Each structure stands twice: as structure tokens, then as C-alpha cells.
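Reader: I am in my first year and would like a close look at a single part of this model, the sheet and whatever packs on it. Please set it in the context of the whole chain and go through it step by step.

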Amino acid sequence: MLVTFSEFAAIKGCAKGTVTAATKARIAAAVVEKDGKRWLDRDLAIELWDKNTKATYNSKVRRADPIEAPPPKDARELRARVDALPDDAIPDLNESRARREHYQAELAKLQVTQQRGDLVPVDQVKKEAFALGRSVREALANLADRLSHQLAGETDPARIHKVLSDEHRAALVELADG
């Protein structure tokens, strides 16, 4: 059934200007052009109005916002609901707002952990790990060249063992200290 903006305003208990403003975004899908005049599909407009309009303290019609499901008990349940939505689906206005707020909170959390120094870029970690591995590799590869002359004249197995163990330990300490 088609109604005028004034009739719809009377149904919802608000001003005609409020309905006109709502037709630009919240109930735009209910606007019908007929004979050069703009009308509203009453049932669709009521559904969209109830779904996308939040009741405020100065609303003439006082009733709770329509909710298909009970409100989430905590942030974990809200996160589960938002994550359950497919990425390509276009959710309604309230779900979109919830999704946006969730991701903004996640970004803020990442920024805080990065500023604290708890989170570092992966490129920096890879670069430092590579440099550390290279230094240990070089220390172990040069071990034979450095010790061969010293151990060539040594006949005491205990002394040879001690020199090799000390050099290995020094290379491992360098690895541990970073």
C-alpha cells in the first residue's frame, strides 16, 4: 500500500521532515515514484524504519529497537557473531557498525602493542635472525682454521678436548646473547 510522506509521519508519530530525511538513507528502498510524485511503500518503509532507526530519549514513539536475536552477552559473543558473517554479504546497518567498531578496536590494539614494543615488524626479525645465524656459522666454520696449528703440537687428549669445548661454548654464548 502506498502512502504519502505526511501519512507515514502520522503512522510513526514524527514530523514530515524526519521522514523526508530518512528517505535519503534509512528507508530509501521504500520510496516509489508514481505519476511524478514520491510515495512510500508502507510495509517496506515500516520494516526499514524499525530496523534502521534508533529510538532516542526525545522520540515520540517510545519502544525498543527491533532486534532479531537477543543482544550479545559479552564482547566474545559479539565477535563470534561478526566473524560468522560472510565477507561478501551486505549486513544491515547495525551489523555493519558492529563490524566496523570491532575492526577499529583490533587496529587500536595492534597499534598499542606495537608502540609498547611487544610487536615488531617481521622484516626486522628475519634480518636479525639471519645476521645471528651467519655469525654463528662463521664462528664454527673458522674454528678449524684457528685451532689447527694450536692443536697440531698437542698430544694430551684432555687439553685438546678443553680447547675445542671452550671454542664451541664461545660460539654458543654469542648465539644466546644475540
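Author: Of the 178 residues of the protein chain, 18% count as buried. This is a predicted model, and the mean pLDDT of the chain is 83, with 88% of the residues at 70 or more. Among contacts between residues at least 6 apart in sequence, 41% join residues at least 24 apart. The secondary structure consists of eight helices and three strands, which follow one another along the sequence as β-α-α-β-β-α-α-α-α-α-α.

Now the sheet. The three strands form an open sheet in the order E1-E3-E2, and the pairing is antiparallel. Strand E1 (2-3) and strand E2 (31-34) are the edge strands, each pairing on one side only. Between E1 and strand E3 (residues 37-41) there are two bridges, again in the antiparallel sense. Leu2 has Asp41 in E3 as its bridge partner.

Two helices belong in this picture. Helix H3 (residues 42-52) packs on the sheet, where it touches E1 and E3, and its direction makes about 65° with that of E3. Helix H1 (residues 5-12) lies across E1 and E3 as well, and runs at about 30° to E3.

One residue of helix H3 deserves a closer look, namely Asp50. Asp50 counts as buried because its relative accessibility is 18%, and the cut-off for buried is under 20%. The side chain of Asp50 makes a polar contact of 2.9 Å with the side chain of Lys12. Lys12 falls within the residue range 5-12 of helix H1, and Asp50 is found in helix H3.

Next come the charged pairs. A search of the whole structure finds eight salt bridges. One of them joins Arg38 and Glu33, with the closest N and O atoms 3.9 Å apart. Residue 38 falls in the range 37-41 of strand E3, and residue 33 in the range 31-34 of strand E2. Glu33 is exposed because its relative accessible area is 57%, and the cut-off for exposed is over 50%. Arg38, at 39% relative accessibility, counts as partly exposed.

Another salt bridge is formed by the side chains of Asp43 and Arg42, at 3.4 Å from N to O. Both residues lie in the range 42-52 of helix H3. Asp43 is partly exposed, with a relative accessible area of 46%, and Arg42 is also partly exposed, at 28% relative accessibility.

Further along the chain, Arg137 forms a salt bridge with Glu138, and their closest N and O atoms are 2.9 Å apart. Glu138 is partly exposed, with a relative accessible area of 34%. In addition, Lys162, Asp166 and Arg169 are joined into one network by salt bridges that share partners.

A last point is how far to trust the picture. Confidence is highest in E3, at a mean of 92, and lowest in helix H4 (residues 75-84), at 79. Over residues 62-67 the pLDDT is below 50, and this stretch has 10 contacts in the model beyond near neighbours in sequence. Where pLDDT is low, predicted coordinates should not be read in detail.

Note on methods:
Residues are numbered from 1 along each chain as its sequence is written. This is a predicted model: local features need pLDDT of at least 70, side-chain atom pairs count only at pLDDT 80 or more; totals for chains, interfaces and linings use all residues. Side-chain values use heavy atoms; hydrogens and water are left out. Two strands pair if DSSP finds at least two bridges between them. Helices (H or I, at least four residues) and strands (E, at least two) are DSSP runs, numbered from the N terminus. Contact means heavy atoms within 4.5 Å. Axes are lines fitted to C-alpha atoms, for helices over the stretch in contact, and angles run from 0 to 180 degrees between N-to-C directions. Buried means under 20% relative accessible area, exposed over 50%, partly exposed in between (1.4 Å probe, protein chains only). A polar contact is a pair of N or O atoms within 3.5 Å; within protein, one must be able to donate a hydrogen and the other to accept it, and residues adjacent in sequence count only if both atoms are side-chain atoms. A salt bridge is a side-chain nitrogen of Lys or Arg within 4 Å of a carboxyl oxygen of Asp or Glu. pLDDT is the predictor's confidence in each residue, from 0 to 100.
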